[in-house]
Amino acid sequence: MGEGFFSRGFRGRRRNQDTALPPGQYLEDGFPVLSAGPTPRTPLEEWDFSVVGEVDEPKRWTWEEFRALPSEEITTDIHCVTKWSKLNTRWEGVSVDTLLEGVDTSAEYITAYCDGDYTTNLPLEEVTGGKAWVAYAYEGEPLEPEHGGPARLFVPHLYFWKSAKWVRGLQLIAHDIPGFWEGLGYHNFGDPWREQRYWGD
Amino acid sequence: MDELRLDGNAAAGTLGEVFSFEVTTAEYACGGCGKAGTLGGAAVYEVRDLGIIVRCPGCDNALIRVAHNRGRYLVDLRGTKYLATG
Ligand SMILES: [Zn+2]
């Protein structure tokens with residue numbers, strides 16, 4: 001099996017070239033906007049990003065400091081639990097590995113917290129090792145507020161509700177706490193390739 | 001034994017009436033800012049097939065969250081102090 005047969009972010013799971021879409025998904029050319037509330041518009045001068053919780057020392061970046069961090073370009077597919085998928089989307093962001101550099105923690109989970117009181121929960125190992133970013137650009141343009149700008153979490157190997165819009169920080173925690181949708185019937189992990197949409201899937 | 005304690009079936013009549021209420025005129029008090037209002041005057045966000053979120057027009061607190069889950073509904077009323085119906 002050649003190297004190219006594996007896609008980064010899918011933890012080496014084999015993808016059939018004829019079925020590039022996870023089960024139950026359809027191909028979407030547009031970029032549907034899903035909003036569970038009003039679009040927050042935090043001015044960049046007031047924006048910051050923090051890493052808090054079970055860490056020796058909390059970390060915090062202003063927008064300028066955040067944008068000065070090393071960033072990466074990511075081209076990959078995204079999958080929404082409402083069944084649309086979009087292929088070869090192009091993003092820029094700071095790897096969560098970079099944000100957690102030097103952080104000493106015994107935490108096994110994170111809660112991503114956002115403007116607009118949205119949260120989502122993830123195992124720490126699902127956002128480290130080159131699997132997640134805090135993205136600030138989409139298709140070469142600053143991320144629009146409707147799509148989560150100025151910055152959103154980007155965890156493309158899981159259903160897109162995990163890629164929390166308007167993210168402002170990560171809380172590292174010892175025990176998992178279900179987030180906004182995870183506490184309301186949606187799957188705690190959300191792997192599109194195993195079609196983990198709802199509780200019990 | 002508590003002789004006043006019955007099983008859930010005993011509440012069926014009352015709860016059945018409560019949960020078939022006229023939505024638009026039902027009154028709530030917001031768990032965030034405390035303001036009262038009618039559901040008809042609240043702000044609603046439809047999140048495609050995921051569900052709907054009813055928010056307080058004063059503070060944007062999520063009053064009621066409803067998720068669609070394969071033909072079932074999951075309802076979270078935590079954001080309200082109370083609902084007054086009927
Ligand atoms: Zn309120």
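How many bridges join β1(B) to strand β7 of chain B, and in which sense do the two strands run? Four bridges join β1(B) to β7 (residues 80–84), and the strands run antiparallel. Please keep in mind throughout that this is a predicted model.

## Around strand β1 of chain B

Let's stay with β1(B) for a moment. Within its pairing with β7(B), B:Cys30 has B:Thr80 as its bridge partner. Strand β1(B) also pairs with strand β2 (residues 36–38) of chain B, again in the antiparallel sense, over three bridges. Here B:Tyr28 finds its bridge partner in B:Gly37.

The link between β1(B) and β2(B) is a hairpin with five residues between the strands. In that turn sits B:Gly34, with a positive phi of about 85 degrees.

## The zinc site

B:Cys30 has a second role to look at: its SG atom coordinates the zinc ion, together with the SG atoms of B:Cys33, B:Cys56 and B:Cys59, at 2.3 to 2.4 Å. The spacing of these donor residues in sequence is C-x2-C-x22-C-x2-C. B:Cys30, in strand β1 (residues 27–30) of chain B, and B:Cys59, in the loop between β4 and β5 of chain B, are 29 residues apart, so this pair links distant parts of the chain.

Why is the arrangement tetrahedral? The four donor atoms subtend angles of 103 to 114 degrees around the zinc ion, and that makes it so. For reference, the ideal angle for four tetrahedral donors is 109.5 degrees.

Are B:Cys30 and B:Cys59 buried or exposed? B:Cys30 counts as buried because its relative accessibility is 0%, while B:Cys59, at 33%, counts as partly exposed.

## The open sheet in chain B

Chain B also holds an open sheet of four strands in the order β3-β4-β5-β6, with antiparallel pairing. At its edges are β3 (43–47) and β6 (72–76), each of which pairs on one side only. From one strand to the next, the twist averages 15 degrees.

Inside this sheet, β4 (residues 51–55) and β5 (residues 62–69) are joined by five bridges. One residue pair to pick out in the viewer is B:Gly51 with its bridge partner B:Ala67 in β5(B).

## A hairpin in chain A

Turning to chain A, strand β2 (residues 48–53) pairs with strand β3 (residues 59–62) in the antiparallel sense, over four bridges. A:Asp48 has A:Thr62 as its bridge partner in β3(A). Five residues form the hairpin connection from β2(A) to β3(A).

## Two buried loop residues in chain A

A:Ser35 lies in the loop between β1 (26–27) and β2 of chain A. It counts as buried, because its relative accessibility of 14% is under the 20% cut-off. Its side chain makes a polar contact with the side chain of A:Lys165, at 3.4 Å. Beyond its neighbours within four places in sequence, A:Ser35 is in contact with A:Lys165 and A:Trp166, and with B:Tyr45, B:Glu46 and B:Val47 of chain B.

A:His147 belongs to the loop between β9 (141–142) and β10 (152–154) of chain A, and at 14% relative accessibility this residue counts as buried. Leaving out residues up to four places away in sequence, A:His147 touches A:Phe31, A:Pro32, A:Val33, A:Arg152 and A:Lys165. A:His147 and A:Thr39 are 108 residues apart in sequence, with 9.2 Å from C-alpha to C-alpha.

How values were computed: Residues numbered from 1 in each chain as written. Chains lettered and ligands numbered in written order. Predicted model: local features only at pLDDT ≥ 70, side-chain atom pairs only at ≥ 80, totals over all residues. Heavy atoms only, no water. Pairing = 2+ DSSP bridges. Axes fitted to C-alpha atoms, helices over the stretch in contact; angles between N-to-C directions. Donors = N, O, S within 2.8 Å, 3.2 Å for Na, K, Ca; no water. Tetrahedral: all angles 85-135°; square planar, octahedral: opposite > 155°, others 65-115°. Buried < 20%, exposed > 50% of the residue type's maximum accessible area, 1.4 Å probe, protein only. Polar contact = N/O pair within 3.5 Å; in protein donor to acceptor, adjacent residues only side chain to side chain. Contact = heavy atoms within 4.5 Å.
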